[in-house]
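Reader: Hi, I'm new to this one and would like to be walked through it. Could you put it up and take my questions as they come?

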Amino acid sequence: MNEANSAELIELLGRWATGRGPLYLLLAARLRDLIDDGLLPPDTALPPDRVLARRLAVARGTVVAAYDLLQQEARVVRRRGSGTRVAAADLPATRAANEVASNPLLSHILHPPDGVTLLTCAAPDEPPPLLAEAFRQAVSLLPERDLGYHPAGHPALRAAVAAYYTDRDLPTDPSQIMVTTGAQQAITLLTDLLVNPGDVVQTESPTYPGALEVFRHAAAVIRPRLDPAERPALMYAIPTASNPAGTIMDTATRRRLAAAATEHDVPLIDDEVCAELCFSGSAPPPLASFTSGEQIITIASLSKLVWGGLRVGWIRAATPLVSRLARLRAVHDLGGDVLSQLAAASVLSLLPEVRQARVEALRHRHDHLLSRLRARLPSWEVSPALGGQTVWARLPRGDADTFAQVALRHGVAIPPGRSFDPQGGHADHLRLHFLFPPEELTAAIDALAQAWAAYDGARHPASRHTLIV
């Protein structure tokens with residue numbers, strides 16, 4: 001790993017600086033974990049001292065001391081003229097040297113936070129009171145006899161989701177619905193079925209990092225544009241309340257995109273995970289509404305509308321495709337949790353009430369976040385969102401990856417823009433969510449303002465190095 005892809009190491013390091021003790025010990029500890037876990041395989045070239053120090057916004061001596069400590073432990077080898085490399089080691093048979101790094105936005109789940117405000121993973125952490133009642137109703141609906149294995153989803157929820165789309169003027173039969181363990185599994189199953197190594201997948205830019213990680217894991221070639229005429233294997237779009245910017249695609253563009261996907265027979269995933277979070281109070285028509293073809297595949301979940309822990313999502317697609325997906329899923333997973341699916345069906349019956357309360361809270365918090373950003377960080381460029389849970393901010397100077405390291409040391413975790421770009425661009429952007437109550441958002445922005453003052457991006461030019469994909 002050299003300077004050209006040192007950005008990848010920054011993602012792997014995650015929240016390395018948030019513990020207690022000298023920075024060089026914290027950096028050495030995180031590098032030690034990456035080496036021992038096989039994420040930095042033997043003979044990997046680590047970035048030069050000066051390069052890593054600049055990217056982490058620390059003194060060069062911090063990196064030198066960390067490398068020296070790892071050399072004493074025989075985990076790295078440092079030689080004049082050849083730099084620092086991971087030392088040779090025998091990995092256990094149960095651990096592969098090429099393990100895939102986790103989504104950087106979810107790193108705090110794997111490495112629990114210690115006093116850090118997380119503006120990273122954007123999912124509600126407050127289960128609404130009606131969820132408990134939905135589960136009580138679900139218990140009463142449990143059948144006396146049922147094996148409980150439903151690879152395509154429980155019939156009650158498939159019917160409820162089909163009715164939901166029919167109510168949105170998109171007639172749908174339950175056979176066109178497959179229930180998944182969240183939208184992330186939906187993206188994974190569709191990619192496994194439709195994409196082969198080396199195939200081209202087209203996305204928007206910026207876009208949802210969780211999808212990009214799935215496409216990279218499938219060894220796809222990711223292109224940051226939506227052009228069905230180029231005949232990609234798959235297209236992926238978030239036209240409604242996009243992640244990260246909270247934008248909404250206009251009707252004319254929706255119609256053109258759906259028609260082009262149909263004309264060129266290209267599968268197109270319409271990610272509607274945040275569609276019910278439009279500040280207008282109603283979601284625009286799904287892309288599938290604009291064509292009679294079978295190329296448009298709609299995915300959604302309840303994780304953003306209700307609660308992150310309600311791991312229930314779905315796919316709406318042509319019945320033959322749903323059948324193929326169910327067979328594929330059964331190889332790994334015989335079906336989702338039945339009780340959660342029954343509760344989800346109950347929640348869908350209360351959708352207007354759920355949506356109104358959620359959107360009102362989000363709109364208020366969104367306005368508060370923008371107000372505090374204008375007051376404390378007026379040089380940042382932030383466009384108001386039209387829905388969703390996040391805004392897209394542009395720094396006036398400097399590099400968001402490096403600033404994120406400084407922000408961590410001020411107690412705030414933020415996701416830099418490169419994570420949202422298929423080619424590692426948007427290095428001067430970052431995403432902020434507005435899920436916290438106003439007082440917590442105020443404290444987080446105050447901390448970011450202090451971090452920005454300490455960072456002084458004028459002395460840290462934006463990096464030209466992109467993530468290798």
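Author: What follows is a conversation about selected parts of this structure, and please keep in mind throughout that it is a predicted model.

Reader: Good to know. Let's start with Asp49: which helix does it lie in, and is it buried or exposed?

Author: Asp49 lies in helix 3, which covers residues 49–56. Its relative accessibility is 12%, and because buried means under 20%, Asp49 counts as buried.

Reader: And what does Asp49 touch?

Author: Leaving out residues up to four places away in sequence, Asp49 touches Arg60, Val63, Val64, Tyr67 and Arg78. With Arg78 there is also a polar contact between the two side chains, at 3.4 Å.

Reader: I see strands around there too. How do strand 2 and strand 3 pair?

Author: Strand 2, residues 76–79, pairs with strand 3 in the antiparallel sense over four bridges, and Val77 has Arg85 in strand 3 as its bridge partner. The two strands form a hairpin with three residues between them, and Gly81 in that turn has a positive phi of about 95°.

Reader: What about strand 1, how many bridges join it to strand 3?

Author: Two bridges join strand 1 (residues 45–46) to strand 3 (residues 83–86), and these strands run antiparallel. Within that pairing, Leu46 stands opposite Thr84.

Reader: Changing topic: which strands does strand 8 pair with?

Author: Strand 8 is joined to strand 6 (residues 200–203) by three bridges, running parallel, and to strand 9 (residues 268–271) by three bridges, again running parallel. On the strand 6 side, Val201 stands opposite Leu234, while on the strand 9 side the bridge partner of Tyr236 is Ile269.

Reader: Which way do the residues of strand 8 point?

Author: In a regular strand the side chains alternate between the two faces of the sheet. In strand 8 (residues 234–237), Leu234 and Tyr236 point one way and Met235 and Ala237 the other way, and all of them are buried.

Reader: Which peptide bonds should I look at in the loops after strands 6 and 8?

Author: Most residues other than glycine have a negative phi, and most peptide bonds are trans. The bond from Ser205 to Pro206, however, is cis, with omega near 5°, and Pro206 is found in the loop between strand 6 and helix 9 (209–217). Another cis bond joins Asn243 and Pro244, with omega about 25°; Pro244 lies in the loop between strand 8 and helix 10 (251–263).

Reader: And where does a positive phi turn up although the residue is not a glycine?

Author: Asp265 has one of about 55°, and its place is in the loop between helix 10 and strand 9. His426 also has a positive phi of about 55°; it lies in the loop between strand 14 and strand 15, and at 24% relative accessibility His426 counts as partly exposed.

Reader: Now helix 14: why is it described as largely enclosed?

Author: Nine of the 10 residues of helix 14 (residues 400–409) are buried, so the rest of the structure largely encloses it. Among the buried residues are Asp401, Phe403, Gln405 and Leu408.

Reader: What covers those buried residues?

Author: The cover includes helix 1 (6–13), helix 3, strand 14 (412–413), strand 15 and helix 15. Helix 14 is followed by Gly411, whose phi is positive, near 90°.

Reader: Since helix 15 came up, what does Ala444 touch?

Author: Ala444 lies in helix 15 (residues 438–455), and it is buried, with a relative accessible area of 2%. Apart from residues up to four places away in sequence, Ala444 touches Thr117, Leu119 and Val412.

Reader: Last topic: how many cavities of 30 Å³ or more does a search of the whole structure find?

Author: The search finds two. The second largest cavity holds about 80 Å³ of space, and its lining has nine nonpolar, one polar and two charged residues. The lining residues include Tyr164, Glu272, Glu276, Ser301 and Trp314.

Technical notes: Residues numbered from 1 in each chain as written. Predicted model: local features only at pLDDT ≥ 70, side-chain atom pairs only at ≥ 80, totals over all residues. Heavy atoms only, no water. Buried < 20%, exposed > 50% of the residue type's maximum accessible area, 1.4 Å probe, protein only. Polar contact = N/O pair within 3.5 Å; in protein donor to acceptor, adjacent residues only side chain to side chain. Contact = heavy atoms within 4.5 Å. 1 Å grid on protein atoms, 1.4 Å probe; cavity = no way out; pocket = protein on both sides within 12 Å on 5 of 7 lines; lining within 4 Å. Points joined across faces, edges and corners; volume = space filled by probe spheres on them. Nonpolar A, V, L, I, M, F, W, Y, C, P; charged D, E, K, R; others polar. Pairing = 2+ DSSP bridges.
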